[in-house]
Amino acid sequence: MQRRTLLHTALLASSALSLATLAQSQDFPPRKPVTMVVGFAAGGAADASARLIAKKLGENIGQSVVVENKGGAGGNIAHGQVASAAADGSVILFGSVGPLTIAPHLMKLNYDPFKDLAPISGGVNFPNVLVVHRGAGVKTLKDFVALAKKKPGSVDYASTGAGSASHLAGELFNQRAGVEMVHVPYKGGAPALQDLLGERVTSYFAAPPTAMPHVETGKLIPLATTGLARPAYLPDIPTVAEAGYPGFEALNWYAFVGPAKTPAAMLDRWNREIVKVLNDEEVKKALLQHGLTPQPTTRAELAAFMQKEYEQWGKVVRERKLSAN
């Protein structure tokens, strides 16, 4: 009888410990500092939108959310870091189209975006804008194509890294326009833009928030945007589709993901909090002013969207016979 009582007491204690451990693993907000990792250098569209969202997110949960810029390899370094981070909800990633759905087709990665990272919510999306420096001597997309065809291999374009949205936008344009622009990868939007302004690279499929201030001062010439329709904030710039290449679309997007082993309850809670921020009127207004469209989703919707993008860009990679070089 005494042994049975001791065993029963031990089982109760073990169960209580397990429940306490489970409760602690799902504490929200996490007891540790919360980090939002961004795979690009400070100053670009990813950084700007992440900081906007992180500020409001921190206010809502009553705990600061620190943005950590981890640039390099087109964002792949940051994605690999988060894939192996502590799965306790203290680390979330402002992931991007390149590392999540393009890079796996181009190179061997130290993470699998569909196995090692878990979807949380969509973030923002936007078309890129093809811009050239004033010294390029072109004012329209037609002029640009003519220049690229006249001097094959002499026209180059910047990107935020191999496998990034700006890289694949350029390759898709090469395919559709029948030109061969040379790809020049950078570690983020800010250094790419710096070299474009310095006329060390000819063109760049840039994020509107980083490019448009320089368009307004006349330092850069906008030729076309990469969505199917003109965005409301760029009504005077034609789309690539309008300028002679029907159906051309290459949207840039960022989404929130976390380590795959993070408890589902924690991921669900982060989804609710992030969706709440993206639906906040002040946040929406601020993002739209930066040329960024909020894209809140359920976790399942993001998973389906990522799969669709993975298949679409895989086709472009195969048809263009691309590599990470």
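**Exercise 1. State which residues line the largest pocket, and work out its make-up.**

Solution. Asn125, Glu249, Ala250, Leu251, Trp253, Gln295, Phe305, Lys308, Glu309, Gln312 and Trp313 line the largest pocket. On a 1 Å grid over the protein atoms alone, a pocket is an open set of points with protein on both sides within 12 Å along at least five of seven lines, a cavity is a set where a 1.4 Å probe fits but cannot get out, and lining residues have an atom within 4 Å of a point.

The model is predicted: local features need pLDDT of at least 70, side-chain atom pairs count only at pLDDT 80 or more, and totals for chains, interfaces and linings use all residues. Residues are numbered from 1 along each chain as its sequence is written, and side-chain values use heavy atoms, with hydrogens and water left out.

Step 1, volume. The largest pocket has about 160 Å³, where a volume is the space filled by probe spheres set on the grid points, which are joined across faces, edges and corners.

Step 2, elements. Helices (H or I, at least four residues) and strands (E, at least two) are DSSP runs, numbered from the N terminus. At least two lining residues come from each of β10 (251-259) and α11 (299-320). The largest contribution to the pocket lining is that of α11, with five residues.

Step 3, classes. The pocket lining holds five nonpolar, three polar and three charged residues. Here Ala, Val, Leu, Ile, Met, Phe, Trp, Tyr, Cys and Pro count as nonpolar, Asp, Glu, Lys and Arg as charged, and the others, Gly among them, as polar.

**Exercise 2. Describe the largest cavity by volume, lining and residue class.**

Solution. Step 1. Searching the whole structure gives one cavity of 30 Å³ or more. The space in the largest cavity is about 170 Å³.

Step 2. Its lining has 20 residues, and those nearest the centre are Phe40, Thr160, Tyr204, Asn252 and Tyr254. The elements α2 (45-61), α4, α6, β8 (203-206) and β10 each supply at least two lining residues. Of the elements, β8 gives the most, with three residues.

Step 3. By class, the cavity lining splits into 10 nonpolar, 10 polar and no charged residues.

**Exercise 3. Find how β6 and β7 are paired and connected, then place His183.**

Solution. Step 1. Strands β6 (residues 156-159) and β7 (residues 182-185) pair in the parallel sense over four bridges; two strands pair if DSSP finds at least two bridges between them. Ser159 has Pro185 in β7 as its bridge partner.

Step 2. From β6 the chain passes through helix α6 (residues 165-177) to β7, a right-handed β-α-β crossover. Right-handed means that, with the strands pointing away from the viewer, the path from the first strand over the helix to the second runs clockwise.

Step 3. His183 sits in β7. His183 is buried, at 16% relative accessible area, where buried means under 20%, exposed over 50% and partly exposed in between (1.4 Å probe, protein chains only). Apart from neighbours within four places in sequence, His183 contacts Tyr157, Ser159, Gly161, Ala162, His167 and Glu171; contact means heavy atoms within 4.5 Å.

**Exercise 4. Decide how far helix α3 is enclosed, and name what packs against its buried residues.**

Solution. Step 1. Helix α3 (residues 76-83) is largely enclosed by the rest of the structure, because six of its eight residues are buried.

Step 2. These buried residues are Asn76, Ala78, His79, Gly80, Val82 and Ala83.

Step 3. They pack against β1, β3 (91-96), α4 (97-106), β4 (117-127) and β10. In β1 (residues 34-38) lies Thr35, which is buried at 18% relative accessibility. Not counting residues up to four places away in sequence, Thr35 touches Val66, Glu68, Ser90, Val91 and Ile92.

**Exercise 5. Locate Ala73 and Lys321, give their phi values, and classify their exposure.**

Solution. Step 1. Most residues other than glycine have a negative phi.

Step 2. Ala73 is in the loop between β2 (65-69) and α3. The phi of Ala73 is positive, near 55°. With 44% relative accessible area, Ala73 is partly exposed.

Step 3. Lys321 is in the segment after α11. Its phi is also positive, about 55°, although Lys321 is not a glycine. With 75% relative accessible area, Lys321 is exposed.
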